[in-house]
Amino acid sequence: MILETAVLVMALAAPLTVAPMVDSRRAQVAMPDRSGAKQTTESLVNRFDSDFSAAETEVTVALVDSDVLTLRQLVHDEIASYGLLRPGWDDADALVPDRSQLWIVSTLVDELSAVHGLPKPMVSATGSVGLYWDFADRYADIEVEGDGSISVFTKLRSAPPVEQFEDGLKLNTAGIEKINCLMRNLLN
Amino acid sequence: LKSEKNPCCEFFDVNKDSNDIVKLLQKQPDRYFWERNCSASILSPGWVSSIETVARMIFTPHWNAIDSKPTPNAVEDVANKGLSVDRLTHVSLQYVHEQALLAEEKARDRPAEKPRRLEAVMWLRVERVRSVRVGEQQVFGVFDTALPENKAHADVCTMVIANKQVQRSARESLYQLLEP
């Protein structure tokens with residue numbers, strides 16, 4: 001019975017290599033509560049990658065350590081974990097993001113994922129934090145600098161490629177609307 | 001040009017510790033000539049041919065565990081200090097692997113409560129890297145910046161003078177060229 005349970009849990013966990021992201025030393029950055037995930041049994045990775053406008057990205061993942069997390073929560077956890085980086089983490093001059101940047105990026109995940117699909121997080125040795133969407137025919141990334149300013153780059157991977165760029169945005173209604181507008185242009 | 005006196009070699013030797021070496025390179029009017037005709041290190045086995053493939057080590061946090069791919073910031077060094085790579089025509093895969101493990105050990109010594117792990121070694125084909133263009137201009141150069149401990153070391157640098165949009169576009173282009 002124990003063996004069967006273990007095999008079942010491993011089979012459920014197999015499509016994703018999520019275990020490394022679930023560090024027992026979770027980041028101590030306070031993030032908004034995001035409970036209330038839905039359960040589905042469809043292929044997690046395919047759904048994660050398949051549709052730029054997928055709104056149903058809250059999928060429950062069974063992990064070897066029996067944690068139950070959503071993909072969205074994994075993204076938030078990864079963003080929060082950037083708060084564990086220390087100056088010099090990449091080379092001697094590497095900078096770290098501050099808590100307000102992490103909060104802004106985490107808020108952008110919630111604001112944008114329902115319309116544009118769940119983004120993936122990234123951090124830079126320059127201290128900026130970002131999000132990106134990467135598909136076969138289109139790409140978008142967002143960066144949040146130390147002063148809280150937001151920049152957006154989008155690219156339609158057509159021939160010739162079509163690019164858009166906007167910077168100096170803030171986390172407010174106008175800023176979110178501008179990001180939404182650039183992202184919608186990718187689809188049209 | 002492989003002598004100690006070649007200007008490319010002098011440039012990389014003088015600026016080897018600068019985190020802005022790429023921006024300094026962009027101010028050199030002969031940088032495109034250097035890239036194809038001059039060695040960037042007296043230790044180099046020769047400048048980088050377009051038929052070569054180079055390897056890039058990927059560490060956390062520049063790795064997305066959900067889709068098991070690097071993040072775009074895995075190539076961000078191309079805009080500032082140069083993206084370190086190993087030339088596979090001058091080094092064995094075994095050596096790259098050993099160097100990767102040594103680099104992981106070194107990375108662990110750096111101050112971070114978030115552990116840094118070696119996640120992957122990705123390939124870049126030099127011909128494809130050199131073929132990226134903004135308008136008519138070649139965006140990236142690959143320089144043979146051999147080191148005493150690693151003669152196969154090279155750096156990929158953004159050669160075109162880049163504003164923020166061009167930098168983001170360049171990063172995305174290079175990111176797209178990473179092969180597992």
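Me: In this predicted model, which residues lie nearest the centre of the second largest pocket, and how many line it?

Reply: There are 26 lining residues, with A:T126, A:E143, A:E145, B:Q167 and B:R168 nearest the centre. The elements giving two or more residues are β6 (150-156) and β7 (162-169) of chain A, plus α2 (21-26) and α6 (164-177) of chain B.

Me: What makes a residue count as lining that pocket?

Reply: A lining residue has an atom within 4 Å of a pocket point. Among the elements, α6(B) gives the most to this lining, namely five residues.

Me: How do you know how the lining of the second largest pocket divides by residue type?

Reply: Asp, Glu, Lys and Arg count as charged, and eight lining residues are charged. The rest are eleven polar and seven nonpolar.

Me: What about the largest pocket: what is its volume, and which residues are closest to its centre?

Reply: Its volume is about 1,500 Å³. B:S84, B:K106, B:L147, B:E149 and B:H153 are the closest to its centre, out of 46 lining residues. The lining divides into 19 nonpolar, ten polar and 17 charged.

Me: Why is β4(B) called mostly covered?

Reply: Buried means under 20% relative accessible area, and four of the five residues of β4(B) are buried. So "mostly covered" fits β4(B).

Me: What makes β4(B) and β9(B) a pair?

Reply: Pairing takes at least two bridges, and four join these antiparallel strands, so β4(B) and β9(B) pair. B:S84 stands opposite B:D155 in β9(B).

Me: And why do β1(B) and β4(B) count as paired?

Reply: Two bridges join them, running antiparallel, so the cut-off of at least two is met. Here B:V54 stands opposite B:R87 in β4(B).

Conventions
Residues numbered from 1 in each chain as written. Chains lettered and ligands numbered in written order. Predicted model: local features only at pLDDT ≥ 70, side-chain atom pairs only at ≥ 80, totals over all residues. Heavy atoms only, no water. 1 Å grid on protein atoms, 1.4 Å probe; cavity = no way out; pocket = protein on both sides within 12 Å on 5 of 7 lines; lining within 4 Å. Points joined across faces, edges and corners; volume = space filled by probe spheres on them. Buried < 20%, exposed > 50% of the residue type's maximum accessible area, 1.4 Å probe, protein only.
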